Amino acid sequence: MKILITHELFMPDFAGGGEKLVYEMAKHLQKRGIEVKVLTTGDSKIKEYDGIPTIRLKRNRFLMNFAFLKIMKHAKDCDLIQTSNYNAAFPSWLAGKLLKKPVFCFAFGLYGKRWLKMRGLIKGTISRIVEKIQLNRSFTKNLFLSDYSRNWGLEIGIPKNRTQVINPGLHLKNYKPETKEPFVLFSGRFAKQKGVYDIIKVAKLLPDIKFVMMGWGEEENKLRKLATKNIKFLNLSLKDKKQFFNMYSKASDFFLLSYGETFGFVLVEAMASGCPIVSTIPLGFEGKLTNPGDIKAMADAIKYLINNPKQAQKLGKENIKLSKKYTWERFTDKLINLYKKTITLNN
């Protein structure tokens with residue numbers, strides 16, 4: 001089986017969880033004996049990454065929307081195209097239609113009506129329209145990383161019979177609970193959609209509780225100016241390995257206030273590290289699920305967990321158990337079975 005994977009960025013270029021997932025998908029398919037190549041943007045001199053062949057288009061990633069001819073050229077000898085939103089989805093769908101090949105599309109980002117909250121009426125409406133155009137094509141299958149993100153897909157009109165949920169995995173051995181220290185951890189991109197300004201508001205209500213915001217992103221300078229004394233910033237990400245993993249291990253609680261996540265790798269990372277969680281994302285964790293923007297409920301939940309460490313520890317242990325179902329082996333099994341079934345039906 002030969003597969004062309006298209007995504008707007010690929011390692012070593014990195015902007016978030018999408019790049020991580022595409023790399024793991026390509027690597028695990030390759031380990032199963034499937035021939036994969038990745039078409040992306042970037043430095044055309046880079047022909048492979050960690051043994052994965054790459055074709056890199058020397059253009060801005062947003063211009064990948066016009067790359068259907070390049071995708072057609074490299075998909076001709078492949079059995080199928082595996083793509084993802086945003087900027088690789090439409091040209092991959094069009095190339096698949098013209099070549100009459102199956103095209104599968106993962107929804108790595110899906111916000112629907114939540115765009116209005118994040119970007120306001122005009123920009124939010126435009127983003128909603130673009131998202132719907134990109135995802136609501138006649139793909140062979142629209143793939144989702146969680147049950148709740150599939151529900152968001154149904155909200156924008158994707159037919160249910162064209163959807164399937166395949167949970168991604170985690171390298172669980174990297175995340176281990178250690179002696180917990182009394183601080184609340186956020187990990188991820190410093191972006192509006194991650195609810196980072198709500199963290200500032202919650203921290204102001206809880207001046208005696210320490211918060212650590214770990215990550216990077218476009219809102220960092222503004223956040224630092226607004227931050228209270230009980231907030232510490234750390235520019236760490238997965239590439240920092242031990243330092244990054246240690247923060248999860250030591251955190252007493254984890255905090256994610258995103259307005260829209262299709263999965264939330266950081267939630268599973270926190271779960272595997274024995275953290276109880278306060279979040280707006282209904283992934284299925286022990287802790288407290290709150291509504292986006294409900295600052296008081298978030299503050300009350302954090303305060304309860306900090307003041308009740310034994311209960312927090314109990315919830316953290318339950319989260320460790322829950323995290324074990326998220327493996328790359330299970331993810332790869334489901335993906336390959338779907339590919340084989342589709343190819344058999346097409347033949």
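The following is a dialogue between a colleague and a modeller about a predicted structure.

Modeller: This is a predicted model, in which local features need pLDDT of at least 70 and side-chain atom pairs count only at pLDDT 80 or more, while totals for chains, interfaces and linings use all residues. Residues are numbered from 1 along each chain as its sequence is written, and side-chain values use heavy atoms, with hydrogens and water left out.

Colleague: Why is asparagine 142 called buried?

Modeller: Buried means under 20% relative accessible area, exposed means over 50%, and partly exposed lies in between (1.4 Å probe, protein chains only). Asparagine 142 has a relative accessible area of 1%, and therefore counts as buried. Asparagine 142 belongs to strand S7 (residues 141-144); strands are DSSP runs (E, at least two residues), helices are DSSP runs too (H or I, at least four), and both are numbered from the N terminus. The C-alpha atoms of asparagine 142 and threonine 163 are 4.8 Å apart, although 21 residues separate the two in sequence.

Colleague: What makes lysine 100 exposed?

Modeller: The relative accessibility of lysine 100 is 76%, which is over 50%, so lysine 100 is exposed. Lysine 100 lies in the loop between H3 and strand S6 (103-106), and its phi is positive, near 60 degrees, in a residue other than glycine.

Modeller: Most residues other than glycine have a negative phi, and most peptide bonds are trans.

Colleague: Which peptide bond before a proline is cis?

Modeller: The bond from methionine 11 to proline 12 is cis, with omega near 10 degrees. Proline 12 sits in the loop between strand S1 (2-6) and H1. A cis peptide bond also joins asparagine 85 and tyrosine 86, with omega about 20 degrees.

Colleague: How do you know that glutamate 35 and lysine 2 form a salt bridge?

Modeller: A salt bridge is a side-chain nitrogen of Lys or Arg within 4 Å of a carboxyl oxygen of Asp or Glu. The closest N and O atoms of glutamate 35 and lysine 2 are 3.8 Å apart, so the pair meets the rule. This pair links distant parts of the chain, with glutamate 35 in strand S2 (residues 35-41) and lysine 2 in strand S1, 33 residues apart. Glutamate 35 and lysine 2 also belong to a network of salt bridges together with Lys37 and Asp77. By this rule the count comes to 14 salt bridges.

Colleague: What makes lysine 321 and glutamate 318 a salt bridge?

Modeller: Their closest N and O atoms are 3.6 Å apart, which is within 4 Å, and the pair therefore qualifies. Both residues lie in helix H11 (residues 309-323), 3 residues apart, about one turn of the helix. Lysine 321 is exposed at 56%, whereas glutamate 318 is partly exposed at 33%.

Colleague: Why is the second largest pocket called a pocket?

Modeller: On a 1 Å grid over the protein atoms alone, a pocket is an open set of points with protein on both sides within 12 Å along at least five of seven lines, whereas a cavity is a set of points where a 1.4 Å probe fits but cannot get out. Lining residues have an atom within 4 Å of a point. The second largest pocket has 22 such residues, and Met11, Lys20, Tyr23, Glu24 and Leu238 lie nearest its centre. Helix H1 (residues 17-31) gives the most to this lining, with 7 residues.
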